[in-house]
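Visitor: I should like to examine a single part of this protein closely, and then to see how the rest is arranged around it. Please begin from the following display.

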Amino acid sequence: MMEFKIDSEFKNLFPKPTAEERATLKDDIVTFGRVHSPLVVWDEEGVLVDGHNRWEIINELGWADDKSKYSIARISYPNRDAALAGAYRAQLGRRNVPENTRSYYMGKMYESQKRAVGGTGANKYTKEQMAQNEPTAKGPSATAENLAKELGVGRETVKRAGKF
């Protein structure tokens, strides 16, 4: 019995691997007799966030009912945008991501985190703070700064990626 559900947005978030990449992944799984990286599931919603290709291979091999062949990491996300940012973060952690794709994923993370923090992510000031000229501690600038630290890049790199 499957412990999670497949959401088409998450499943189709990233391009499918090439036939060669998928064959290499499958060979690696078969060679080691198990899947090394856990499937990542959004705990509150029971949605598979990361590992769709691994899950397909697990099913092809007939391993879906054998928990010794793979593991599931249940991660708590406060909302869908945070779960999407988690999926992008997982992709950014992979070595085979081309630079322009890395920038795109970084931009998508930035945009989803801005929405998660401030609703639309369009403004770093509330009307009251604008009247008082007091910036918030949250918002796009803080989001860009935090994400830049996490990814080891500059804040402006994150902002440019958001426009990309």
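Visitor: What is the relative accessible area of Glu145?

Guide: Glu145 is partly exposed, because its relative accessible area is 30%; buried means under 20%, exposed means over 50%, and partly exposed lies in between, with a 1.4 Å probe and protein chains only. The model is predicted, so local features need a pLDDT of at least 70 and side-chain atom pairs count only at pLDDT 80 or more, whereas totals for chains, interfaces and linings use all residues. Residues are numbered from 1 along each chain as its sequence is written, and side-chain values use heavy atoms, leaving out hydrogens and water.

Glu145 belongs to helix α7, residues 140-151. Its C-alpha lies 10.0 Å from that of Thr157, a residue 12 positions away in sequence. The protein has 8 helices and 3 strands, in the order α-α-β-β-α-β-α-α-α-α-α from the N terminus; these elements are DSSP runs numbered from the N terminus, with helices (H or I) of at least four residues and strands (E) of at least two.

Helix α7 also contributes to the largest nonpolar core, to which β1 (39-42), β2 (47-50), α4, α5 (99-118) and α7 each supply at least two residues. Such a core is a set of buried Ala, Val, Leu, Ile, Met, Phe, Trp, Tyr and Cys residues joined through side-chain atoms within 4.5 Å. This core holds 22 residues, of which Phe10, Trp42, Val49 and Tyr77 touch the most other members. Helix α4 gives the largest share, 7 residues. A second, separate core has 12 residues, including Ile29, Leu39, Leu48 and Trp55.

Leaving aside residues up to four places away in sequence, Phe10 touches Trp42, Val47, Leu48, Val49, His52, Arg80, Ala83, Leu84 and Ala87, where a contact means heavy atoms within 4.5 Å. One of these partners, His52, lies in helix α3 (residues 52-60). His52 counts as buried because its relative accessibility is 11%. With the same neighbours in sequence left out, His52 touches Ile6, Phe10 and Lys11.

The whole structure contains 4 aromatic pairs; rings of Phe, Tyr and Trp (its six-membered ring) pair if their centres lie within 6.5 Å, and planes under 30 degrees apart count as stacked, over 60 as edge-to-face and the rest as tilted. Phe14 and Tyr88 are edge-to-face, because their planes stand at 85 degrees, with ring centres 5.3 Å apart. Phe14 lies in the loop between α1 (8-11) and α2 (19-32), while Tyr88 lies in helix α4 (residues 80-92), 74 residues away. Both residues of this pair, Phe14 and Tyr88, are buried. Elsewhere, Phe4, Trp55 and Tyr70 make up one aromatic cluster.

For the protein of 164 residues, 34% count as buried. Of the contacts with a separation of 6 or more, 66% join residues 24 or more positions apart. The mean pLDDT, the predictor's confidence in each residue from 0 to 100, is 80, and 77% of the residues score at least 70. Across residues 120-137, however, the pLDDT is below 50, and this stretch has 20 contacts in the model beyond near neighbours in sequence.
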